[in-house]
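Me: I am new to this structure and would like to learn how to read it one feature at a time. Could we start with what it takes to call a residue buried?

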Amino acid sequence: MSSIAPRRTGEDDGLLDILGMTSTEFVEASHALGVPRGRAMQSYRTAFREGRADGNWFRIDDHSMNRREVEGETTKFTLDIGEDHETESVVIPMRGRRQVTTRTLCVSSQVGCAMGCGFCETAQMGLIRNLSAGQIVSQWWAATHRLEATIKNIVFMGMGEPMDNLDEVLQAIRILTDHNGPGVACANITISTVGRVDGIRRVADFVKQPGFHRMNLAISVNAPNDRIRSELMPINRAADMAMLKEALLDYPLRSSSAFCVEYVLIPGVNDADEHCDELCRWLEPIRCSLNVIPYNPRRDSPWPAPEEDDVERFIVRAIENGQFVKRRGTKGRDVMAACGQLGNPAIRRRRRVEPPAVVQPEINGTPIRREEP
Ligand code: SAH
């Protein structure tokens, strides 16, 4: 059970942080302050559904939207969470069945990230701070009540490694799925991880609880073997692909669902035919859909984006290998809103809360130089 203690972020004004609490937690904490339960529940619904506060014992953390950049129908926005730090989120239109457009919100779980993946913009910042559950939920609140977007899906694919801040991420998911609050279907929520196996095992326990078994898990595999993966993703030096596979095979995957395996296709690094075959062999026992993501060049990128023909060739070969494949679009590339492009270079390394958890990434023996701000 999660605690029902009042959750406060930043300001210590004694007010309940409604965006960081489930309805049950909010009602009980309000009751402890003398507010009748029915009245508190009504306020909870009003705060989430209508986007306004109708009481004075709680606060909606309505962070100011520092920037809002639009490319086509994709909108990237940042929220000012104080101390010169900001969250980054992206609202992405998805063309679904019968051409119906739904909106996916990509949220950040941290400011910056400690994982140090060589291809990712956010990694260049290092870890600046973890976000609280309320700060994660406030990204949904801002998209819904400021941008007036109707959000169907939520993916934890913005800044940060969700497994490095799992308590707050899971609390955010309890809130986002609360029927009295946002009411997002759990089946429409995806956590994406670099593949921290301890985190995967904790999520495995979480999804065994009633109401959460439909939540989706995405894993950034990004390489066909340990040699390439360790060069691209320092996490692989701590937990290799054999350990990752074991954690995935132990996961209580429902019979009707599958993992999403992400594969960022980087020219000259992991896009050869042999890489495709080797990857598909590794994936064979894992029920998954392979999501091929054409590399979006980060700032000062050592690699270009892949050519269209090479993306096609890789996808066709994976299909011929019997793998179910999806291709991820590159929406928002021009405003640095596409996968792996989030992160404000101006706040890089302004404050690092932990030493870099990882060694310097390198490709084919050549270290990737981290650019100083
Ligand atoms: N830390 C989590 C979630 C954030 S990244 C994770 O690693 O999964 C979300 C996805 O974007 C991951 O699959 C990651 O591999 C991918 N990604 C990172 N940088 C990218 C880039 N420059 N181009 C394309 N995809 C990228």
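Reply: A residue is called buried if 20 or more other C-beta atoms lie within 10 Å of its own. Please keep in mind that this is a predicted model. In this model seven of the ten residues of strand 5 (residues 86-95) are buried, so strand 5 is largely enclosed by the rest of the structure. For the protein as a whole, 46% of the 373 residues count as buried.

Me: Which strands pair with strand 5, and in what sense do they run?

Reply: Strand 4 (residues 74-80) is joined to strand 5 by six bridges, and the two run antiparallel; strand 6 (residues 101-106) also pairs with strand 5 in the antiparallel sense, over six bridges. To follow the pairing residue by residue, look at Lys76, whose bridge partner in strand 5 is Val90, and then at Val91, whose bridge partner in strand 6 is Leu105. As a general idea to carry along, side chains in a regular strand alternate between the two faces of the sheet.

Me: What should I look for in the turns of these hairpins?

Reply: The backbone angle phi is a useful thing to inspect there. In the hairpin of strand 4 and strand 5, which has five residues between the strands, Gly82 takes a positive phi near 90 degrees. The hairpin formed by strand 5 and strand 6 has five residues between its strands, and Arg98 in that turn has a positive phi of about 50 degrees.

Me: Is Ile81, in the loop between strand 4 and strand 5, buried or exposed?

Reply: Here the same neighbour count can be applied to a single residue: Ile81 has 22 C-beta neighbours inside 10 Å and therefore counts as buried. Leaving aside residues up to four places away in sequence, Ile81 touches His63, Glu86, Thr87 and Gln135.

Me: How do helix 1 and helix 2 pack, and which residues make the contact?

Reply: For a pair of helices one reads the angle, the distance between the axes and the handedness. Helix 1 (residues 23-32) and helix 2 (residues 37-50) pack at an angle of about 135 degrees, with their axes 9 Å apart, and the two are therefore oblique to each other. Their crossing is right-handed. Helix 1 contributes Ser23, Phe26, Val27, Ser30 and His31 to the contact, while helix 2 contributes Arg37, Ala40, Met41 and Tyr44. By kind, the residues of this contact divide into five nonpolar, three polar and one charged.

Notes:
Residues are numbered from 1 along each chain as its sequence is written. This is a predicted model: local features need pLDDT of at least 70, side-chain atom pairs count only at pLDDT 80 or more; totals for chains, interfaces and linings use all residues. Axes are lines fitted to C-alpha atoms, for helices over the stretch in contact, and angles run from 0 to 180 degrees between N-to-C directions. Helices (H or I, at least four residues) and strands (E, at least two) are DSSP runs, numbered from the N terminus. Angles under 35 degrees count as roughly parallel, over 145 as roughly antiparallel, 65 to 115 as roughly perpendicular and the rest as oblique. A crossing is left-handed if the near helix is turned anticlockwise from the far one by less than a right angle, and right-handed if clockwise. Two residues are in contact if their C-beta atoms, placed from the backbone, lie within 7 Å. Ala, Val, Leu, Ile, Met, Phe, Trp, Tyr, Cys and Pro count as nonpolar, Asp, Glu, Lys and Arg as charged, and the others, Gly among them, as polar. A residue is buried if 20 or more other C-beta atoms lie within 10 Å of its own, exposed if 12 or fewer, and partly exposed in between; C-beta atoms are placed from the backbone. Two strands pair if DSSP finds at least two bridges between them.
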